[in-house]
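Q: I have a structure to go through and would like to talk over its contacts. Could we take the details one at a time?

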Protein chains: 2
Amino acid sequence: MADQELFSPESNFEVRTIGTHLGCNRATAHPRNVVKFAPQEHVFMQGDAPKGIYKVLRGTVILYRLMADGRRQIQSFVSGGEYLAMTFADRHDVSAEAITPVEILCTPRAMFDRRLQNEAGFRQRILTMMGTKLQSAREQALLLGRKNAMERTASFLLFLDHRFRNPETGYVEIRMSRCDIADYLGLTLETVSRMMNKLKQRGIIDLPQATRFAVCKREQLVSLAGEVDCLEGIAA
Amino acid sequence: MADQELFSPESNFEVRTIGTHLGCNRATAHPRNVVKFAPQEHVFMQGDAPKGIYKVLRGTVILYRLMADGRRQIQSFVSGGEYLAMTFADRHDVSAEAITPVEILCTPRAMFDRRLQNEAGFRQRILTMMGTKLQSAREQALLLGRKNAMERTASFLLFLDHRFRNPETGYVEIRMSRCDIADYLGLTLETVSRMMNKLKQRGIIDLPQATRFAVCKREQLVSLAGEVDCLEGIAA
DNA sequence: CGTCGGTTTGAGCGGTTTCAATATAGGTGG
DNA sequence: CCACCTATATTGAAACCGCTCAAACCGACG
């Protein structure tokens, strides 16, 4: 649903830049603690103390970890309707950065706990969601630990196609850079580019521009991905 | 605590082999649904329908995923006191295999839900635990996606040392094969062996036998691991 | 038309894997 | 207690995949 934001040519709604970090004081200045972020802005950084429970209302955020020398691993994409990093630890273990214009709802921890206690349906949804996120993280671990470059790329394209294909045209708008893809797949951007163009040469995908593709030979792409699951449910 | 089971020379308590799979009918034959498994036995397999919520009372279980051609990625180690794969989906996405003698408590889903509703402390523990598991999975993703063989091995040794060092001797008993380590780190067993022996040669660890080691130069090992976190909290 | 960020493409290198041989430890039976 | 046997671990040599570095290309935008 709201996932589409990542890939639809949604015109950039006006963003009131509030700063790189989300401060509760600032947040409370808005009705219902809704804060907006422009692309490239951080919702929070690795090491920050959580200010509450964050929910993405609109847009897409990436969660990533950095190493001291700059190597980056993107953990997941979080889109509209999903919760961001529901950590109950005292420090965020990941950084969260908007890659589209984003609206974030920040709920105080106490209120979140109250809902968990009082609303069975809410509790169920939250638990299911955490289970799904765990499952996605494991899927990613299999990909990162045991798949080669072509399998990773094929898996990713199938994931994009599954979640973001425009049913009219059959094409997917890729609204992220090769570098972001690479940092998600544990590859370099050059390798991602090579794999995608190899798939194009073989006629398995159509890639008219760097930012658009369509799956032509699904069977072959699935078999190249090495797994049926194809990251389904990632960031879900 | 019960984690020690993996590494203490705990004599094999008598195991009543009940079969490779855990059947609820069998489970109910035992008081409080406790079932025992011998090493190499499966608690459940990828694709099985969950029979309830599993808790490891004693011993250590690995969670892993297999690819069609046999490649394996170990997702986590689950030790005494921890919950196994608290999935709320209709199929297990991973297989669970005992690597030591193990006792598993199987709680019916409905009873688990009831406790979640009625006991705030229980709810809190479960949520915190799922958060911790998610964090571990992300830590592993960084390791698998962005660390080289030496960094992975050093991280793993620090993790073992942190969790399983015998405070008397300073040594850790490694109660798993090089192959299991490799399948956890996304490497081959030969590479794991090479890295460990390179660390031994440099005097960074002592490795009198293949199954025992101690950290000699912690500073250097930490710096080789590339990160401070060192998988802390994995499987926790 | 020129600039700038991002993408593609190429050549060479290096780390990890692969395959194979050897070494070691643990268990069994003589 | 020793010899054997099997598992697992170590070590070596060669191949290969993905990375690094560098150059060319492309599209958007002034």
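Q: Let us start between the chains: how do the side chains of B:Asp183 and A:Arg146 meet?
A: This is a predicted model. In it, the side chains of A:Arg146 and B:Asp183 form a salt bridge, with 2.8 Å from N to O.

Q: How many salt bridges does the rule find across the interface of chain A and chain B?
A: The rule finds six salt bridges across that interface.

Q: And how many residue pairs are in polar contact there?
A: There are 17 residue pairs in polar contact across the interface of chain A and chain B, counting pairs with both residues at pLDDT 80 or more.

Q: Which elements of chain A supply at least two residues each to the side that touches chain B?
A: They are strand 4 (60–66), strand 5 (72–79), helix 2 (109–118), helix 3 (120–146) and helix 5 (178–185) of chain A. The largest share of that side comes from helix 3 of chain A, with 19 residues.

Q: What is the make-up by class of the side of chain A that touches chain B?
A: That side of chain A has 18 nonpolar, 16 charged and 14 polar residues.

Q: What area is buried between the two chains?
A: About 4000 Å² is buried between chain A and chain B, and carbon and sulfur atoms give 55% of this area. In terms of contacts, 48 residues of chain A meet 48 residues of chain B.

Q: What turn and shift lay chain A on chain B?
A: A turn of 180° with a shift of 0.0 Å along the axis lays chain A on chain B, and the RMSD is 0.1 Å. The two copies are therefore related as by a two-fold rotation axis. Both copies use the same surface, since 100% of the contact residues of chain A recur in chain B.

Q: Changing topic to the DNA: which residues are closest to strand D?
A: DNA strand D is surrounded by 16 residues, and the closest are A:Ala149, A:Thr191, B:Arg178, B:Ser193 and B:Arg194. Of the atoms of DNA strand D that come within 4 Å of the protein, sugar and phosphate account for 64%.

Q: Which side chains have a polar atom by a base nitrogen of strand D?
A: Two examples can be given. A polar side-chain atom of B:Arg194 is 3.0 Å from a base nitrogen of DNA strand D, and one of A:Glu190 lies 3.2 Å from a base nitrogen of that strand.

Q: What about a phosphate oxygen of strand D and A:Thr191?
A: An N or O atom in the side chain of A:Thr191 is 2.4 Å from a phosphate oxygen of DNA strand D. Helix 6 (189–201) of chain A and helix 6 (189–201) of chain B are the elements that give two or more residues to the surface near this strand. Helix 6 of chain B gives the most, with five residues.

Q: And strand C, which residues are closest there?
A: DNA strand C also has 16 residues around it, the closest being A:Arg178, A:Ser193, B:Ala149, B:Thr191 and B:Arg194. Sugar and phosphate make up 60% of the atoms of DNA strand C that come within 4 Å of the protein.

Q: Where do B:Glu190 and B:Thr191 come in?
A: B:Glu190 has a polar side-chain atom 3.2 Å from a base nitrogen of DNA strand C. The side chain of B:Thr191 has an N or O atom 2.5 Å from a phosphate oxygen of the strand.

Q: Which helix gives the largest share of the surface near strand C?
A: Helix 6 of chain A does, with five residues. The residues of that surface divide into seven polar, five charged and four nonpolar.

Definitions and conventions. Residues are numbered from 1 along each chain as its sequence is written. Chains are lettered from A and ligands numbered from 1 in the order in which they are written. This is a predicted model: local features need pLDDT of at least 70, side-chain atom pairs count only at pLDDT 80 or more; totals for chains, interfaces and linings use all residues. Side-chain values use heavy atoms; hydrogens and water are left out. A residue is near a molecule or strand if one of its heavy atoms lies within 4 Å of it. A polar contact is a pair of N or O atoms within 3.5 Å; within protein, one must be able to donate a hydrogen and the other to accept it, and residues adjacent in sequence count only if both atoms are side-chain atoms. Helices (H or I, at least four residues) and strands (E, at least two) are DSSP runs, numbered from the N terminus. Contact means heavy atoms within 4.5 Å. Buried area is the accessible area (1.4 Å probe) that two parts lose on being put together, summed over both. A salt bridge is a side-chain nitrogen of Lys or Arg within 4 Å of a carboxyl oxygen of Asp or Glu. Ala, Val, Leu, Ile, Met, Phe, Trp, Tyr, Cys and Pro count as nonpolar, Asp, Glu, Lys and Arg as charged, and the others, Gly among them, as polar. Copies are superposed by least squares on the C-alpha atoms of residues with pLDDT of at least 70 in both.
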